[in-house]
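Trainee: I have a structure open and I'd like to get a feel for its empty spaces and how its parts pack. Can you walk me through it?

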Amino acid sequence: MTASHNSASNPSSPEFAYFKNQFVPIEEATISVKTHAFLYGTSIFEGIRGYWLPEERAICIFRMREHYQRMMRNSKIFFIHPTHTLEEYLRTTVSLVHKNQLATDSYIRPTLYKTGNTIGPYMENGITEFCLWTSPLGQYVDINKGLKVCVSNWRRVDDNAIPPRAKAGGAYMNTALIVTEAKFNGFDEAVVLTHEGTVSEGSAMNLFLIQNGKLLTPGKTENILEGITRDAVLTLAKQELGIESIERTIDRTELYTCDEAFFCGTGAQIAPITNFDNRPVGDGEIGPLTRKLQNLYFDVVKNKRPEYQDWCTVVYLDKSLDENLKRLGLAENLNPVP
Ligand code: PMP
């Protein structure tokens with residue numbers, strides 16, 4: 001991961017966040033130590049990628065609308081009520097990306113979180129707030145070498161414990177255990193199993209196997225986050241490569257016998273896996289279908305495929321914010337919902 005300040009790309013440009021319904025310098029976007037979300041992990045968040053398009057001097061935000069739709073839909077699970085409308089979240093995000101002038105691949109992090117300084121985790125006592133920041137982000141995991149992956153000793157949080165589909169802040173303690181153990185043991189990443197012992201996903205990414213020319217991925221009820229990249233892979237495999245995908249329960253040993261494998265996600269992008277638990281995947285090299293999907297993915301996220309331009313929100317850094325918002329159909333006031 002790259003450094004977390006935009007001085008890497010533009011030393012003269014100050015960094016802003018959206019915090020308490022306004023844009024503030026990042027240093028001022030601070031919360032109290034008594035904040036409910038800090039004490040109990042009561043937040044839900046999204047991670048969105050912005051891809052730098054050097055020729056156009058623009059940031060291409062990938063599937064921004066779908067990320068906010070997921071956040072708003074899942075907020076219900078935890079009684080974390082959205083603070084703004086979808087259009088307002090989209091407008092705020094475009095505005096912040098434009099304001100921060102990050103001339104590099106970046107990460108955009110919206111969070112809905114409980115505040116209110118009350119003691120005890122009861123959700124309805126607190127109020128919900130929204131914050132947003134951006135940061136440079138290169139590769140989250142190595143997407144070129146082929147990852148060495150283990151099966152974690154930890155189990156995935158369960159839908160009846162901390163529902164993983166909600167992308168809740170507190171659930172990432174589970175992710176932290178999984179990825180930390182993997183790295184301590186000399187692996188790049190881990191696959192985590194459900195309580196039933198079937199394959200769920202990576203620590204913070206979805207998993208695909210390829211077997212006999214077909215894509216296999218755990219179904220939505222396997223305690224996965226219903227990834228937006230996962231959905232993009234399913235769409236691209238079908239529409240562009242004519243490959244059939246099967247969403248079903250996957251046994252651990254299917255990891256050891258598949259022909260190809262990769263992780264996908266906003267952070268992971270398309271990350272080939274060449275080894276599970278010290279067993280080579282296929283012949284131990286990155287598979288041809290995985291490579292094809294990876295190339296296709298990068299064309300799509302960089303707005304090189306007109307058929308998928310609906311997935312791309314292009315923010316031109318040298319054009320005014322108003323011009324950008326008008327072109328994107330987002331020109332309105334930035335008022336929070338009363
Ligand atoms: N699973 C988990 C647990 C994640 O944190 C992520 C990253 N958001 C994913 C899967 C991939 O989801 P997406 O493609 O929407 O980023």
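What follows is a chat about the domains, pockets, cavity and one helix pair of this predicted model.

Trainee: Let's begin with the layout. How far apart do the C-alpha centres of domain 1 and domain 2 lie?

Mentor: The domain assignment gives domain 1 as 16-138 + 305-327 and domain 2 as 147-301. The two are in contact, with 23 residues of domain 1 against 28 residues of domain 2. Centre to centre, counting C-alpha atoms, the separation is 25 Å.

Trainee: Now the pockets. Which residues are the closest to the centre of the largest pocket?

Mentor: That pocket holds about 550 Å³ of space. Its lining counts 32 residues, and the closest to the centre are Y107, Y140, K167, A204 and G267.

Trainee: Which helices and strands each supply at least two residues of that lining?

Mentor: Both domains take part, since the lining draws at least three residues from each of domain 1 and domain 2. By class, the lining splits into 14 nonpolar, 13 polar and 5 charged residues. The elements you're after are α2 (64-75), β6 (106-115), β7 (127-136), α4 (172-184), α5 (228-239) and β14 (260-265).

Trainee: What about the second largest pocket: which residues are the closest to its centre?

Mentor: Here the space comes to about 380 Å³. Of the 19 lining residues, the closest to the centre are I31, S43, T111, Y113 and C131.

Trainee: Where does the second largest pocket lie with respect to the domains?

Mentor: Look at who builds the wall: β1 (16-19), β3 (43-45), β6 and β7 each supply at least two residues. The lining has 13 nonpolar, 5 polar and 1 charged residues. Domain 1 and domain 2 both give residues to this lining, so the second largest pocket lies between them.

Trainee: And closed spaces? Which residues line the largest cavity?

Mentor: Searching the whole structure turns up 1 cavity of 30 Å³ or more. The space in the largest cavity is about 30 Å³. Its lining is made of R49, Y51, F62, H67, T229, T266 and Y297.

Trainee: Why does the largest cavity lie between the domains?

Mentor: Class won't tell you, as the lining divides into 3 nonpolar, 3 polar and 1 charged. What decides the matter is that residues come from both sides, so the cavity lies between domain 1 and domain 2.

Trainee: Last topic, helix packing. Are α5 and α7 roughly parallel or roughly perpendicular?

Mentor: Helix α7 covers residues 288-301, and its axis is 11 Å from that of α5. The pair packs at an angle of about 110 degrees. Angles of 65 to 115 degrees fall in one class, so α5 and α7 are roughly perpendicular.

Trainee: How many nonpolar residues does the contact of α5 with α7 have?

Mentor: From α5, the contact uses T229, V233, L236 and A237. From α7 come L293, L296, Y297 and V300. Sorted by class, there are no charged residues, 1 polar, and the nonpolar count is 7.

Terms used. Residues numbered from 1 in each chain as written. Predicted model: local features only at pLDDT ≥ 70, side-chain atom pairs only at ≥ 80, totals over all residues. Heavy atoms only, no water. 1 Å grid on protein atoms, 1.4 Å probe; cavity = no way out; pocket = protein on both sides within 12 Å on 5 of 7 lines; lining within 4 Å. Points joined across faces, edges and corners; volume = space filled by probe spheres on them. Helix = DSSP H or I, 4+ residues; strand = E, 2+ residues; numbered from the N terminus. Nonpolar A, V, L, I, M, F, W, Y, C, P; charged D, E, K, R; others polar. Domains from an automatic or database assignment. Axes fitted to C-alpha atoms, helices over the stretch in contact; angles between N-to-C directions. Parallel < 35°, antiparallel > 145°, perpendicular 65-115°, else oblique. Contact = heavy atoms within 4.5 Å.
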